[in-house]
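Got the viewer open? Then grab the selection tool and follow along, one stop at a time.

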Amino acid sequence: MKLIEAIAKNHKELTEWRQDIHAHPELGFEEERTAKLVAERLESFGCEVHRGIGGTGVVGTLRSGSGTRTMGIRADMDALPIQEANTFDHRSRNDGKMHACGHDGHTTMVLGAAQYLAQTRNFDGTVHFIFQPAEEGLGGAKAMVEDGLFERFPMETVFGIHNRPGLPMGKFAMRSGPMMAGGGFFDINLTGRGAHGARPEASADPIVAASQIVTALQSVVARNVNPQDTAVLSVTRLHSGEAYNVIPNDATIGGTVRAFAKETLQLLEQRIGEIATGVASGLGVSVDYQFRLIFLPLINEATATKFAGDVAASIVSEDNVNREGPAIMASEDFSYMLNECPGAYINIGNGGGEGSCEVHNPGYDFNDQILPLGATYFSRLVEIKLKR
Ligand SMILES: [Zn+2]
Ligand SMILES: [Zn+2]
């Protein structure tokens with residue numbers, strides 16, 4: 001493995017940074033301590049630092065030479081509302097909060113690269129280190145984009161990473177095109193006319209309408225989505241009624257959709273509304289329908305993904321880079337940045353083998369052994385892309 005020596009020598013310090021962040025987890029948009037620590041460290045390296053972007057987001061900018069080329073490197077800073085089960089010294093000090101997704105490690109790897117690149121300036125152009133808040137479903141990437149991330153810090157391409165438990169240490173995985181699904185939540189609120197359970201003729205029964213809507217929704221993926229596309233539509237909530245002898249006034253249906261193409265998500269949104277409204281109106285029940293897009297599909301741009309694979313292979317050799325990694329139905333909000341700017345998001349092995357502790361588990365911990373590898377990867381991306 002061809003680690004950058006200066007980064008490898010810094011392994012102990014990187015580990016201390018990571019474990020300090022791990023011990024002080026903060027939820028999305030509340031990353032005050034983490035953002036302050038990141039900003040102060042970037043300043044101490046000699047970066048130009050911009051705080052408060054999209055809430056608690058931070059951008060550190062580094063320039064070298066007279067080149068006009070630009071790129072971005074992104075990390076996420078938020079933790080999860082999970083009570084940590086680990087008992088090691090660097091366990092969470094904040095009750096009910098935990099770095100159970102390894103964002104403490106992602107933040108440290110990007111800081112490690114920023115430190116090295118600030119010292120060596122072995123590149124020609126501008127690199128922006130992006131530390132985003134609230135990746136875990138609260139819309140931190142979208143908030144930074146809407147706060148003008150790409151207008152204020154123009155960049156030709158942007159790169160992100162996520163650790164993957166079960167993928168051995170020293171290995172990378174990625175795929176070009178759709179890699180993670182986009183997703184949304186929907187609510188269908190039905191209003192009928194309540195009546196005595198023995199006098200159905202006086203009612204407009206929302207339970208009968210809800211039942212038929214749930215059944216009819218099963219036709220959306222089966223009959224409307226192109227069989228060559230992938231989609232999921234799951235009804236996960238269904239509430240109505242209290243008494244045995246009362247036909248209730250209302251019923252509510254809720255659920256989630258996932259798909260790898262924006263167009264498919266739009267189709268799902270549209271068809272759920274049409275089916276709910278059509279079925280309900282035939283039964284004399286009115287519908288209030290709401291659909292919330294939570295994540296866009298994560299789409300890796302082909303050239304950037306090949307470049308990321310080439311850089312990873314230059315460090316760990318081609319044998320340890322899976323360029324045809326799996327596409328998964330889970331979501332990631334770096335998708336909002338990739339929607340604006342071409343780039344690539346890849347996985348770095350967190351080790352542990354198949355069946356090892358997954359992310360979002362109370363026993364999870366980021367593997368400090370891979371910190372120098374991640375920092376080397378980000379540094380080499382910049383040194384090669386912005387070659388002098
Ligand atoms: Zn997560
Ligand atoms: Zn994560």
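**Warm-up: a helix on the surface**

Select Glu146 to begin: with a relative accessible area of 61%, Glu146 is exposed (buried means under 20% relative accessible area, exposed over 50%, partly exposed in between, using a 1.4 Å probe and protein chains only). Now add Lys142, which is partly exposed at 37%. The two make a salt bridge whose closest N and O atoms are 3.7 Å apart; the term stands for a side-chain nitrogen of Lys or Arg within 4 Å of a carboxyl oxygen of Asp or Glu. Both residues belong to helix α5 and sit four residues apart, about one turn of the helix. Helices here are DSSP runs (H or I, at least four residues), strands likewise (E, at least two), numbered from the N terminus.

Some housekeeping before moving on: this is a predicted model, local features need pLDDT of at least 70, side-chain atom pairs count only at pLDDT 80 or more, and totals for chains, interfaces and linings use all residues. Residues are numbered from 1 along each chain as its sequence is written, chains are lettered from A and ligands numbered from 1 in the order in which they are written, and side-chain values use heavy atoms, with hydrogens and water left out.

**Stop one: the zinc pair**

Select ligand 1, a zinc ion. Which residues coordinate the zinc ion (ligand 1)? Show Cys101 (SG), His360 (NE2) and Glu136, the last listed with two OE entries, at 2.0 to 2.7 Å. Donors are N, O and S atoms within 2.8 Å of the metal (3.2 Å for Na, K and Ca), and water is not among the atoms, so sites may look incomplete.

Try the angle tool: the four donor atoms subtend 53 to 152°, which makes the arrangement irregular. For the cut-offs, four donors count as tetrahedral if all angles lie between 85 and 135 degrees; four count as square planar and six as octahedral if opposite donors are over 155 degrees apart and all others between 65 and 115; anything else is irregular. For reference, ideal angles are 109.5 degrees for four tetrahedral donors.

Along the chain, the donors of ligand 1 follow C-x34-E-x223-H. Glu136 is in the loop between β4 (125-132) and α5 (140-146), while His360 is in the loop between β16 (343-351) and α11 (371-385), 224 residues apart. Colour by accessibility and you'll find Glu136 partly exposed at 21% and His360 partly exposed at 38%.

Next, select ligand 2. The second zinc ion is 3.1 Å from ligand 1, and Cys101 coordinates both. The zinc ion (ligand 2) is held by Cys101 (SG), His103 (NE2) and His162 (NE2), at 2.1 to 2.3 Å, with the spacing C-x1-H-x58-H. Cys101 comes from the loop between β3 (70-76) and α4 (103-120), and His162 from strand β5 (residues 158-165), 61 residues apart. Cys101 and His162 are both buried.

**Stop two: salt bridges**

How many salt bridges does a search of the whole structure find? There are 22. Select Arg18 and Asp104, whose closest N and O atoms are 2.8 Å apart. Arg18 is in helix α2 (residues 11-23) and Asp104 in helix α4, so this bridge ties together parts that are 86 residues apart in sequence. Buried or exposed, these two? Both are buried. Add Asp365 and Asp368 to see a network of salt bridges linking them with Arg18 and Asp104.

Then pick Arg33 and Asp20, another salt bridge, at 3.0 Å. Arg33 is partly exposed at 32%, and Asp20 is partly exposed at 24%.

**Last stop: rings**

Show the aromatic side chains. There are five aromatic pairs (rings of Phe, Tyr and Trp, taking its six-membered ring, with centres within 6.5 Å; planes under 30 degrees apart count as stacked, over 60 as edge-to-face and the rest as tilted). Select Phe172 and Tyr377: a tilted pair, 5.5 Å centre to centre with 40° between the planes. Phe172 is in strand β6 (residues 172-173) and Tyr377 in helix α11, 205 residues apart. Phe172 is buried at 1%, as is Tyr377 at 0%. Include Phe378 and you have one aromatic cluster with Phe172 and Tyr377.

Finish at Phe307, where Lys385 lies over the ring face, 4.5 Å from the ring centre (the rule: NZ of Lys or CZ of Arg within 6 Å of the ring centre and within 35 degrees of the ring normal).
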